[in-house]
Amino acid sequence: MKLTRLGKAGVQVSRLCLGTMSMGAQQWRPWVLGEAEARPLFQRAVELGVNFFDTADTYSAGEAEMLLGKLVRETGRRDEFVITTKVYNPVTFDFKSGQDLASLEKARKPNMQGLSRKRIFAAIDASLQRLQLDHVDLYQIHRWDYAVEVEEFMEALHDVVKAGKARYIGASSMWAWQFAKAQHVAERHGWTKFVSMQNHYNLAYREEEREMLPMLRDMGVACIPWSPLARGFLLEEPGAPSSSVRRDVDPLRKQYYSGESDRAVAAAVGEVAKERGVTRGQVVMAWLLSPHSASGGVTAPIVGPQTIAELEDLAAGTELQLSPDEVRRLEAPYQPKRVMGHQ
């Protein structure tokens, strides 16, 4: 698998990032893979040349970090890998009752979420303990914190880097003005700046092309989008029954991708795939990475395959080249929609 730089940073990452939201504890979400199922998937990713792995403290209430750390240590190739985690959301789940207590915890316990200096310092230590690593390569803020001054969390993130607990910092879904403000504050104070943006972006949701993606290109910041397959929506024929547990129970899939234009985009994916004799997943991945696309090509989409076959298919998509005409056909049906994914 080809490698590329993470924006202007010198570190090299694979063109596909393996996400671990779907690994950890099935009690957290019914589609999550346990250790026995996740291990061969992780091992195959490494064999394919994937060196970029994304997790977050909130995934499976910390279980995803523990599992990823264990799998990384088993390979003995820690220095080759780029390991990321995220901070912002509460790490709460009652495994005995199977109830997600995030909303209750937000109201009941102070300082257990967000981006205060106190929270960031506690969160990075907790993440490293779960991962059983002495540092992460990329530490990302999961969302923007409206309750904390930007100077406070940018300085705290800078201090995390200076303490050797993270090599780089990144951000996730937010407004372009917020990202620009954070970068400006960091530059003005001589603090560490973001090298990456993990945002909501795919063929069925392209609102990031308005301001965020042009700004990232101008700044030399990497784009590592989440939900690049539209939560599996783009992998299936419009109107066809879902083919996985996750797609059956995922409320955001119906919320984000249920319009007529979404179905038209999915149909275009199917047409191009059929003509090229490849899968829908390969076409979607190829579009994301294509220099001919409206984004100009992203750095590394974050994917969460459920099987080795799905992983291999997506990896093959990183090698597929689309013509400018194919790209235009894929993009033509898109209709603008409201911004989704910042909360």
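**Note on the α5–α6 contact, the sheet and the cores**

1. In α5, V150, E151 and M154 meet K181, A182, V185, A186, R188 and H189 of α6. By class, this contact has 5 nonpolar, 1 polar and 3 charged residues. Note that the model is predicted.

2. Next, the geometry of that pair. Two packed helices are described by the angle between their axes and the distance between the axes. Here α5 covers residues 150–162 and α6 covers residues 176–189. They pack at an angle of about 65 degrees, and their axes are 10 Å apart. The crossing of α5 and α6 is right-handed.

3. α6 also meets the sheet. The helix lies across β7 (166–172) and β8 (194–198). Against β8, α6 runs at about 165 degrees.

4. The sheet itself is open and has 8 strands, with parallel pairing. Their order is β9-β8-β7-β6-β5-β4-β3-β10. β9 (222–223) and β10 (302–303) stand at the edges. Each has a single partner strand, so one side of each is left without a neighbour in the sheet.

5. Look at one pair inside that order. β5 (residues 82–87) and β6 (residues 136–141) pair in the parallel sense over 4 bridges. K86 has Q140 in β6 as its bridge partner.

6. Now the cores. The largest nonpolar core has 90 residues. Within this core, Y139, F153, M154, F179 and L234 touch the most other members. Leaving aside neighbours within four places in sequence, F153 is in contact with L115, I120, I141, W144, D145 and V148. Another core lies apart from the largest one; it has 13 residues, including V13, C17, V82 and I224.

Technical notes. Residues numbered from 1 in each chain as written. Predicted model: local features only at pLDDT ≥ 70, side-chain atom pairs only at ≥ 80, totals over all residues. Heavy atoms only, no water. Core = buried A, V, L, I, M, F, W, Y, C linked by side-chain atoms within 4.5 Å. Buried < 20%, exposed > 50% of the residue type's maximum accessible area, 1.4 Å probe, protein only. Contact = heavy atoms within 4.5 Å. Axes fitted to C-alpha atoms, helices over the stretch in contact; angles between N-to-C directions. Helix = DSSP H or I, 4+ residues; strand = E, 2+ residues; numbered from the N terminus. Left-handed = near helix turned anticlockwise from the far one by under 90°. Nonpolar A, V, L, I, M, F, W, Y, C, P; charged D, E, K, R; others polar. Pairing = 2+ DSSP bridges.
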